[in-house]
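Q: I'd like a close look at one part of this model, and then a walk outward from there. Could you take me through it in one go?

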Amino acid sequence: MQHKKTKILSVFGTRPEAIKMAPVINELKYLKSTIDTVVCITAQHREMIDQVLKLFDIIPDYDLNIMRTNQDLFDITTHVILGLKEVLKKEEPDIVLVQGDTTTAFAAALAAYYFKIPVGHIEAGLRTYNKYSPFPEEKNRHLLSVLSDLHFAPTMWAQSNLLNEGLSPNKVWITGNTVIDALYSVIDRVTRNSVFWFNYFKNKYNIKLYDNSQLILVTGHRRESFGNGFENICMSLKEISENRPDIIIVYPVHLNPNVQKPVRYILKGQENIYLIDPIEYEPFVFLMKRSYFILTDSGGIQEEAPSLDKPVLVMRDTTERPEGVEAGVVKLVGTDKQCIINSVFELLDNELLYAKMSESSNPYGDGKAAEKIVSILSDELIKK
C-alpha cells in the first residue's frame, strides 16, 4: 500500500523572500519521495522576484501575479488572500510555509488559517516592539507568530521573544537564517565570475571598480522613510560625494516611485554617484563583496554583510536584528542627515573602527539553516 506524500506549499512574493526561501525549497527537493513540494508566488515584486527564481532554478507551480501600479497595502492583502483561496482549495496542503515579515507572508498565513491549515514561519521572532517601525513589517511578523504553528527562529534572541510572548517551547527552534545559505551558494559563483562582473559594471554603467577605489554600496526602500526620511538620505549622500571625490557610491534604486522620485531629483548628475537599476542577486553579491562598507535600511543585508566582513551603517532608528549591533558589525545611524554624514566619514577615516567592525563574527548562522528547517518539518509532519 502506497502512503500519501506530505504536501508542503511555500508562498512568497518579494525578492528578499525568494532569496531566503530558495534554500529551503531546494532542500525539500531531496525528499521528493516522501514530500510533495508546491510553490506559489504572489509576485508582490514582479521583476525582482523573477531574477531570483532564475538564479536558484525554481519554477513556481502558481503565479498570482498581483503586482499593480501604485498598489497599496489594501491591494496586496486582498489580492493575496483571494488568489490563495483557489490554490489552497485545490492543493489542500498539509502545511503552508511563509518567510519573514512581508504583507504576502501575513496574508498567506491568514488565508491558510481560514482553511485550518497549519503554518510554518521561517525567520520568526524578530521584533522592535514599535508597531510603526518598520511599517507594516513589525505588525506583520507579530501577527504571523499568532497565526503560525511552527516557528523557525534565526537566533537565540528571536527565540526568546517568541517564548516571552507565550509560545510553546516545543514549537520554536533556532535554525540560523537561510539568507546565509543563499549567500554561501552564490559567493563561489561570484568569485569565479568576478572578471565578468567587473567588466559588466564598467561597460554598462561606466563604474570602474579599481582595487584602490573605496566603494560605498547603498540600498534604501523602507516605507517608513518615504518623504522627509528619503530626502534626508539623498541630501546626505550628495554632501558626502561632494566632500569626498575619492570615493564611489553605487545605489541600485528600488522601483517604488516613492524612492525613485527623491533619489533621481536630488542625486542625478552627481559625478561619483552611480544610480543604477535594481540588479540581480549574483551581481549584487559581487558589489557587496567589492564594497568598502554598506549604507542600507535592508534587513537581509544586515545579516549577509558579516559573512563578507563588511561593516553596515543602517539608516533606521530601530532594528529587529540587534545581534549585528551587539556583535559590532552594524551601527544604527537613522535618517538624520548629519548623523549619516558623520558616521560615513568616521568609518572612512578611522582605520581602527573599520577594522573592529569588519572583523566581527556573523551571529546569523553557518549556512545550514535550510537543512535544519527541512529536518524539523519532516519530523513534525511525520509525527502528525
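Where is the place of Pro134?

A: Pro134 sits in the loop between strand 5 (119-122) and helix 5 (137-147). Keep in mind as we go that this is a predicted model. The peptide bond leading into that proline, from Ser133 to Pro134, is cis, with omega near -5°. Step along the chain and you meet another cis bond, from Phe135 to Pro136, with omega near 0°. Pro136 also has its place in the loop between strand 5 and helix 5.

While we're on backbone details, have a look at Asp57. Its phi is near 60°, a positive value in a residue other than glycine. You'll find Asp57 in a loop too, the one between helix 2 (46-55) and strand 3 (62-63).

Now for the surface. Tyr113, Tyr114 and Phe115 make a nonpolar patch there of about 360 Å². Of these, Tyr113 belongs to helix 4, which covers residues 103-114.

On to how the helices pack. Two packed helices are described by the angle between their axes and the distance between the axes. Take helix 1 (residues 15-28) and helix 7 (residues 178-192): their axes are 8 Å apart, and the packing angle is about 85°. Since angles of 65 to 115 degrees count as roughly perpendicular, that makes helix 1 roughly perpendicular to helix 7. On the helix 1 side, the residues to click on are Ile19, Lys20, Pro23 and Val24, and they meet Thr178, Val179, Asp181 and Ala182 in helix 7. Sort the residues of this contact by character and you get five nonpolar, one polar and two charged.

The other pair to look at is helix 8 (residues 194-205) with helix 11 (residues 281-290). Here the axes come within 11 Å and cross at roughly 90°, so helix 8 is roughly perpendicular to helix 11. Helix 8 brings Ser194, Trp197, Phe198 and Phe201 to the contact, while helix 11 brings Glu282, Pro283, Phe286 and Leu287. The residues in this contact split into six nonpolar, one polar and one charged.

If you want to go back to where we began, color Pro134 and Pro136 in your viewer: both the Ser133 to Pro134 bond and the Phe135 to Pro136 bond are cis.

Note on methods: Residues numbered from 1 in each chain as written. Predicted model: local features only at pLDDT ≥ 70, side-chain atom pairs only at ≥ 80, totals over all residues. Heavy atoms only, no water. Patch = residues over 30% accessible without salt bridge, like charges linked within 9 Å, V, L, I, M, F, W, Y side chains within 5 Å. Areas by Shrake-Rupley, 256 points an atom, 1.4 Å probe, with all protein chains shown as cover. Salt bridge = Lys/Arg side-chain N within 4 Å of Asp/Glu carboxyl O. Helix = DSSP H or I, 4+ residues; strand = E, 2+ residues; numbered from the N terminus. Axes fitted to C-alpha atoms, helices over the stretch in contact; angles between N-to-C directions. Parallel < 35°, antiparallel > 145°, perpendicular 65-115°, else oblique. Contact = heavy atoms within 4.5 Å. Nonpolar A, V, L, I, M, F, W, Y, C, P; charged D, E, K, R; others polar.
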